[in-house]
Amino acid sequence: MRIKDILTGGEIQLTPAEAKIAQVILAEYPTSALGTATALAKRAGVSDPTVIRLVTKMGFAGFAAFHSSLLGEVEAGLRSPLMMMEAKRPAAKGRRGVAEAYMHSAARAVAGNANATLPQLYDRAAHTVMGAKGRVIVLGGRFSRFVSGMFASYLKQIRPNVVSIDILAAESFDILIDLSKRDVLIVFDFRRYQRDVIRFAEQAAKRGVQIVLFTDPYRSPIANKAKLIIVSRNDVVSPYDSLCPPTAQIEALIAHIVAEGTQFKRRRVQELDKIRAENAVTVDSSGNESRLNFGKRRKEKFPSYTAS
């Protein structure tokens, strides 16, 4: 169990002095307690023996064992795919065996998130996103931006004023000048956490922007500024963490918004469908005009094609 979970789980009773230490540890978790026991005691304004009593109460043999466990959490949060290739080298079962093992582990990760995420969390997220009086900014990192882009595409169908930032460039930070407490920032940041994404979120928070964070169990530093945190257990039998769990979570959130009717305007979807039909955007079996237009274009390009 993580040290943070031990401190916040309610299974141990903290004295007022111990609570001060816990607050220091949790303030910039997990890096805040990586120094000595004396340094931690000084930051919390307590004595060295109080620190030792707390770590003992948490189940550690001493501060060295506590420090080692915390360091392991930090290292796990910062591991690169290169470092993990040896640690997670799949057993030699042939290509099919490795692929199947991965698929099963991804399915377990998705199921684990379903059991670990409280339904109230989706409700709060839905009201925060759909209740924003200003804009909803959606942002992700190198890989998670693909999940954030998908989420933004969903949101654009069910509410206005959704802005998706694909890749953070220098001019992307200019958006901050127009942000305020009326706006919501939805940010995806998984290990290894991305500095520019963190900076953008921190500066948005200073402007009063509400932040909804999707992150892993080790938690992005953005967690310190977030109003709402949705954690994704994305550890699978691969050197790379899986994006299947956060993808399932965003789809679950959209399903919740639609099912609960959380300030959801059906008319917007109907109007959007009408616009798409008028422009033959999709192959729609119920829209003769869009189907025939599509068939005409395909026939011109491919003479052997016949529209049904």
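**Salt bridges in a predicted model**

Reader: Is R191 buried, partly exposed or exposed?

Author: In this predicted model, R191 has a relative accessibility of 11%. Buried means under 20%. R191 therefore counts as buried.

Reader: Which residue does R191 meet in a salt bridge?

Author: The side chain of R191, in the loop between strand 3 and helix 10, meets a partner 50 residues apart. That partner sits in the loop between strand 5 and helix 11. The N to O distance is 2.7 Å, and the partner is D241.

Reader: How many salt bridges does a search of the whole structure find?

Author: R191 and D241 form one of them. E18 with K57 is another pair, and D166 with R145 also forms a salt bridge. The search of the whole structure finds three.

Reader: How many residues apart in sequence are the parts that E18 and K57 tie together?

Author: The closest N and O atoms of E18 and K57 are 2.7 Å apart. E18 lies in helix 2 and K57 in helix 4, so the pair ties together parts whose separation in sequence is 39 residues.

Reader: Is K57 buried, partly exposed or exposed?

Author: E18, at 4% relative accessibility, counts as buried. K57 has 35%, and partly exposed lies between under 20% and over 50%. K57 therefore counts as partly exposed.

Reader: Which helix holds R145, the partner of D166?

Author: D166 and R145 form a salt bridge with their closest N and O atoms 2.8 Å apart. D166 lies in the loop between strand 2 and strand 3, so the pair ties together parts 21 residues apart in sequence, with R145 in helix 9.

Definitions and conventions
Residues numbered from 1 in each chain as written. Predicted model: local features only at pLDDT ≥ 70, side-chain atom pairs only at ≥ 80, totals over all residues. Heavy atoms only, no water. Salt bridge = Lys/Arg side-chain N within 4 Å of Asp/Glu carboxyl O. Helix = DSSP H or I, 4+ residues; strand = E, 2+ residues; numbered from the N terminus. Buried < 20%, exposed > 50% of the residue type's maximum accessible area, 1.4 Å probe, protein only.
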